[in-house]
Amino acid sequence: TVHIASRLATLPQPATIAMAARARELRAEGADVISLALGQPDFPSPPEAIEAAYHSAQAGDTGYPPIPGQKALIEAIIRKFRRDNAIEATSDRIMVANGGKQVIFNAFMATLEIGDEVIVPAPYWVSYPLIARMLGGVPVEISCAEEDRFRPRAEVIKAAITPKTRWIVLNFPNNPTGAILEKEDLEAIAGVLREAPHVLVMCDEIYEHLTFDGRRHLSLLSVAPDLADRILIVNGVAKAYAMTGWRVGFACGPKTLISAMVAVQGNVTSGVCTLAQAGSVAALDGDFSRIEVMRQTYETRRNRVVAVLRAIAGVTCEMPEGAFYAYPGIASLIGGVSGGGRVLTDDVAFAEALLDEAHVATVPGSAFGYSPYLRLSCAASDAQLDEACERISRFVEKIR
Ligand code: PLP
């Protein structure tokens, strides 16, 4: 048998993978499964990105790219930070990676010693603690309560900081809750960070353009420019431009960190696909109204979904302020028995029963470190969302 490294053996299997596998099985058996499990925009990539990728290939731009990213893309990213975030970046503070995910990997690989702590406010996107653990880090979870609209309190962050803290991760707009940090939240957090000069901050802003009710995303770096030598911004074209498969993410951070991350990437994947980089330049410089159309669509869907969920007895639902998920609470349904006779011991059992009995795939809150909740992705058509909510409603009615 093959020896698998212990750093992998101790990694938990994310519930997302189990749910997706079960949904596929049911579909193969002929069931009409609606999947609200994936964080994948249901829009086409911008045509100008596709054109640009095609033209770059035709023009012979098919050799190895520089590891930090192609000049044209780095320049487009600098323009993007100026335009969207009021941040002035120089090229030595920018790098391009294979998705936002590789930015996170590069950063943790470049900085974590075995046993270093990474503060992760829960609910969190699964990959932060998993990547940290894979690289010898120790995730330290802090809770963001529903009563606080799922925002971390500065004093809770402060209490979690130890001499071993290497990073804190701030992902706002948040996956899975859609929470956004306001200026006062950022100022309070910046105050805590000023007293903890050994802590780096990872700001994952990949959902920055998907904000609702007139809210705007604010970057910690623009609120606290004095922390520039400790803030790493993670971003990418996946969510705002519906370009998940292009695998283009980017980072803005302190020079020494960026060069260490470039060194990591140079030994793992090298530079990002040239065609995808050319397409990303066109997307970033392209027609901003495309983002606005998607943003409005997600906002309308959010309104429908949250209204239906709130009407279900036993379900609570905070209004997401951004991103494209709903995160309903199911605390008062836990311990019940489903129509199919299953005991709903926790949100995993609930999500499994919902999938098997009502054929709706969701992700249980435990995957995001915060239970008992479900994450529903609104990256689906109105018809699918309506039908899914109807099924959830009938499923809940049968719980005894
Ligand atoms: N950050 C967050 C919060 C995400 O939800 C995701 C994707 O689900 C990513 C980063 C990764 O994005 P990419 O596809 O660019 O790797």
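Two strands pair if DSSP finds at least two bridges between them. With that idea in hand, we can walk through this predicted model, starting with its strands.

## The sheet

Strands S2 and S8 are a good place to begin: four bridges link them, and they pair in the antiparallel sense. Within this pair, Ile94 stands opposite Cys252 of S8. Strand S8 has another neighbour, S7, which runs antiparallel to it and is joined to it by four bridges. Here Cys252 in S8 turns up again, as the bridge partner of Ile233.

Moving on from S7, we meet strand S6 (residues 200-204), which pairs with S7 in the parallel sense over four bridges. In that pair, Met202 stands opposite Leu232 of S7. There is also a parallel pairing between strand S3 (residues 117-122) and strand S5 (residues 165-171), this time over three bridges. Ile119 is the residue that stands opposite Ile168 in S5.

Here are these pairs side by side.

| Strand pair | Sense | Bridges | Opposite residues |
|---|---|---|---|
| S2 and S8 | antiparallel | four | Ile94 and Cys252 |
| S7 and S8 | antiparallel | four | Ile233 and Cys252 |
| S6 and S7 | parallel | four | Met202 and Leu232 |
| S3 and S5 | parallel | three | Ile119 and Ile168 |

How do the strands fit together as a whole? Seven strands form an open sheet, in the order S2-S8-S7-S6-S5-S3-S4, and the pairing is mixed. At the edges are strand S2 (94-97) and strand S4 (138-143), each of which pairs on one side only. From one strand to the next, the twist averages 25 degrees. Helix H10 (residues 255-268) packs on this sheet, where it touches S2, strand S7 (231-236) and strand S8 (249-252). The direction of H10 makes about 25 degrees with that of S2.

## Buried strands and an edge residue

Are the residues of S7 buried or exposed? Six of its six residues are buried. Both faces of S7 are covered, with Ile231, Ile233 and Asn235 on one side and Leu232, Val234 and Gly236 on the other. Strand S8 shows an alternation too: Gly249 and Ala251 point one way, Phe250 and Cys252 point the other way, and all are buried.

Now look at Glu141, which is found in strand S4. A residue counts as buried when 20 or more other C-beta atoms lie within 10 Å of its own, and as exposed when there are 12 or fewer. Glu141 has 15 within 10 Å, so it is partly exposed. Leaving aside residues up to four places away in sequence, Glu141 touches Val120, Ala122 and Gly369. Pro41 lies 100 residues from Glu141 along the chain, and their C-alpha atoms are separated by 28 Å.

## Two helices with a buried side

Helix H14 (residues 382-397) has 16 residues, and at 1.5 Å a residue these should span 22 Å; the end C-alpha atoms are 22 Å apart, which agrees. Which residues of H14 are buried? They are Leu385, Ala388, Cys389, Ile392, Phe395 and Val396. These residues cover an arc of only 120 degrees around the axis, so they sit on the same side of H14. The face turned away from that buried side carries the exposed residues Ala383 and Glu397. Among the elements covering the buried residues of H14 are strand S1 (34-35), helix H12 (289-310), helix H13 (347-358) and strand S10 (360-361).

Helix H3 (residues 47-58) can be read in a similar fashion. Its twelve residues reach 17 Å from first C-alpha to last, close to the 16 Å expected at 1.5 Å a residue. Ala49, Ala52, Ala53 and Ser56 are the buried residues of H3. Their arc around the axis is only 100 degrees, which puts them on the same side of H3. Exposed residues Pro47 and Gln58 are carried on the face turned away from the buried side. The cover over the buried residues of H3 includes helix H11 (274-285). After H3 comes Gly60, whose phi is positive, near 85 degrees.

## Two domains

The protein is divided into domain 1 (6-44 + 290-397) and domain 2 (48-285). Their centres, taken over C-alpha atoms, are separated by 26 Å. Across the boundary, 31 residues of domain 1 are in contact with 32 residues of domain 2. On the side of domain 1 that touches domain 2, helix H1 (6-9) and H12 each supply at least two residues. H12 gives the most to that side, with six residues.

Terms used. Residues numbered from 1 in each chain as written. Predicted model: local features only at pLDDT ≥ 70, side-chain atom pairs only at ≥ 80, totals over all residues. Expected span 1.5 Å × (residues − 1). Arc of directions from axis to C-beta. Contact = placed C-beta atoms within 7 Å. Axes fitted to C-alpha atoms, helices over the stretch in contact; angles between N-to-C directions. Domains from an automatic or database assignment.
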